[in-house]
Amino acid sequence: MNVTWKTCVRVGISVFILYLCIFYWQNAAGILAALLGAVTPLFLGCAIAYFVNILMSLYESHFFISSNRTFVQKSRRPVCMVLAFATLLAIMVLVVCLVVPQLSSCIQLLLSALPGVMESLTNGIEKLNILPENVMESLSAVDWQTRIGEVLKSVISGLGNVMGILGAMISTVLSGVVTIFMAVIFAIYLLAGKEKLGQQSKRLMCRYMSKNLYEKCIHFLTVLNACFRNYIVGQCTEAVILGLLCMGGMFLLRLPYAAMVGALIAFTALIPVAGAYIGAGVGAFMILTVSPGKAVVFLIFIVVLQQLEGNLIYPRVVGSSIGLPALWVLAAVTVGGGIMGIGGMLLGVPIAATAYQLLREDVYRSPRVEISADK
């Protein structure tokens, strides 16, 4: 092995940087956190552009594709981009309008009914003679309406200065709005010039990578893009089917909040494996405020629907599109959720599908070795 002075300089610089990071870790972590905060709009813009590009490509493939007019050719990209953004915004507004008002009314109804429930529970315990008489006398003497009001007041007063909280909320909201605005602007620029950016990236990779490394990187990015795209399309399709089936079944069973619960189930079903159960729990809670019996019927219905979705719909719509066995889907959701929460659940499955496909290609490409059993 020939050791040149350039190799020695690179090793020396690397060791020096490692030394600085170890002994000045707090400062390095602060600089890294500030850097990540600064580039957050760019990462968010890339994510928005990737999601919007799926719809935009679909619209572009049907927007006067056979026309050769100059006006059509120039207007195809901006028109399809606006349609894609409008579609996503309309879906989010629809879900919020269906879910939030009904959920707030259910919470208000539950809070107003809670004192009566506590009194009924106390009377039931008193009839059963489970607790000692002195304890029952104390429970019977409690004014639950007043006590619950005092608890709510103490919780609200314990939050601190109202003006300070309001100022912090306004600051957080404004910061979030600015971040989202910058991310959307960056996403628009990415979508407008995605072909040019792709060509520039390939030129840089060709210039600074060997041919073998360049081909491996292109193959990895191709597989990663295919897994993410198939997963997003399949998961959204499966969520829409599940939401429509849930809403239709609730209408047939005459259960309350059918449209709202169907929209909630479809929205939470975007989270693989656990998403539909989260939506089912919220839906059962809301139906419980109307009728406990109907809540039980809803839970039975959602269990049957989950079995139908898990055995028939999901394997055909999502499972076949990403090529990942159910065991590894569950493992990816568990590990991703433990590391990054809901975001990890969403990213874990396509990343695991990419790793699974690349590993499978490498295994089948390698020469096979016969493994004999020990005698």
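## Exercises on a helical chain

By the rule used here (a side-chain nitrogen of Lys or Arg within 4 Å of a carboxyl oxygen of Asp or Glu), the count comes to two salt bridges. The model is predicted, so to speak of a local feature needs pLDDT of at least 70, side-chain atom pairs count only at pLDDT 80 or more, and totals for chains, interfaces and linings use all residues. Residues are numbered from 1 along each chain as its sequence is written, and side-chain values use heavy atoms, with hydrogens and water left out.

### Exercise 1: Get an overview

Task: find how many helices and strands the protein chain has.

Solution. Step one is to know the rule: helices (H or I, at least four residues) and strands (E, at least two) are DSSP runs, numbered from the N terminus. Step two is to read off the result, which is 13 helices and zero strands.

Step three turns to burial, where buried means under 20% relative accessible area, exposed over 50%, and partly exposed in between (1.4 Å probe, protein chains only). Of the 375 residues in the protein chain, 25% count as buried.

Step four looks at contacts, meaning heavy atoms within 4.5 Å. Among contacts in the protein chain with a separation of 6 or more, 69% come from residues 24 or more positions apart.

### Exercise 2: Follow the salt bridges

Task: work out which residues are linked in a network of salt bridges.

Solution. Begin with a general idea: side chains of opposite charge can pair when their charged atoms come close.

Now take the pair Glu60 and Arg77, whose side chains meet in a salt bridge at 2.4 Å, N to O. This pair links distant parts of the chain, with Glu60 in helix 2 (residues 25-60) and Arg77 in helix 3 (residues 70-128), 17 residues apart.

Next, look at Glu195, which forms a salt bridge with Arg77, the closest N and O atoms being 2.8 Å apart. Here too distant parts of the chain are linked: Glu195 is in helix 7 (residues 194-208), Arg77 is in helix 3, and they are 118 residues apart.

Put the pairs together, and you have Glu60, Arg77 and Glu195 linked in a network of salt bridges.

Finally, check burial. Glu60 is buried, with a relative accessible area of 13%, and Arg77 counts as buried at 17% relative accessibility. Glu195 counts as partly exposed at 42% relative accessibility.

### Exercise 3: Pack helix 9 against helix 10

Task: describe how helix 9 and helix 10 pack, and at what angle.

Solution. First, the tools: axes are lines fitted to C-alpha atoms, for helices over the stretch in contact, and angles run from 0 to 180 degrees between N-to-C directions.

Helix 9 (residues 258-268) and helix 10 (residues 275-288) pack at an angle of about 155 degrees, with their axes 7 Å apart. That makes helix 9 roughly antiparallel to helix 10; angles under 35 degrees count as roughly parallel, over 145 as roughly antiparallel, 65 to 115 as roughly perpendicular and the rest as oblique.

Then find the residues that meet. Helix 9 brings Met260, Val261, Leu264, Ile265 and Thr268, while helix 10 brings Gly275, Ala276, Gly279, Ala280, Val282, Gly283 and Met286. Sorted by class, this contact of helix 9 with helix 10 has eight nonpolar, four polar and no charged residues. In that sorting, Ala, Val, Leu, Ile, Met, Phe, Trp, Tyr, Cys and Pro count as nonpolar, Asp, Glu, Lys and Arg as charged, and the others, Gly among them, as polar.

Last, ask about enclosure: nine of the 11 residues of helix 9 are buried, so helix 9 is largely enclosed by the rest of the structure. Buried residues in helix 9 include Ala258, Gly262 and Ala266.

### Exercise 4: Compare helix 7 with helix 8

Task: find which residues of helix 7 and helix 8 make the contact.

Solution. Start with the axes: those of helix 7 and helix 8 (residues 211-252) come within 8 Å and cross at roughly 145 degrees. The contact is made by Lys202, Met205 and Cys206 of helix 7 and Tyr214, Cys217 and Ile218 of helix 8. The residues of this contact divide into five nonpolar, no polar and one charged.

### Exercise 5: Look at the loop after helix 8

Task: say where Arg254 lies, and whether Arg254 is buried or exposed.

Solution. Arg254 lies in the loop between helix 8 and helix 9. Arg254 is exposed, with a relative accessible area of 70%. For the backbone, recall that most residues other than glycine have a negative phi. Arg254 has a positive phi of about 60 degrees, although it is not a glycine. Tyr257, also placed in the loop between helix 8 and helix 9, has a positive phi of about 60 degrees too.
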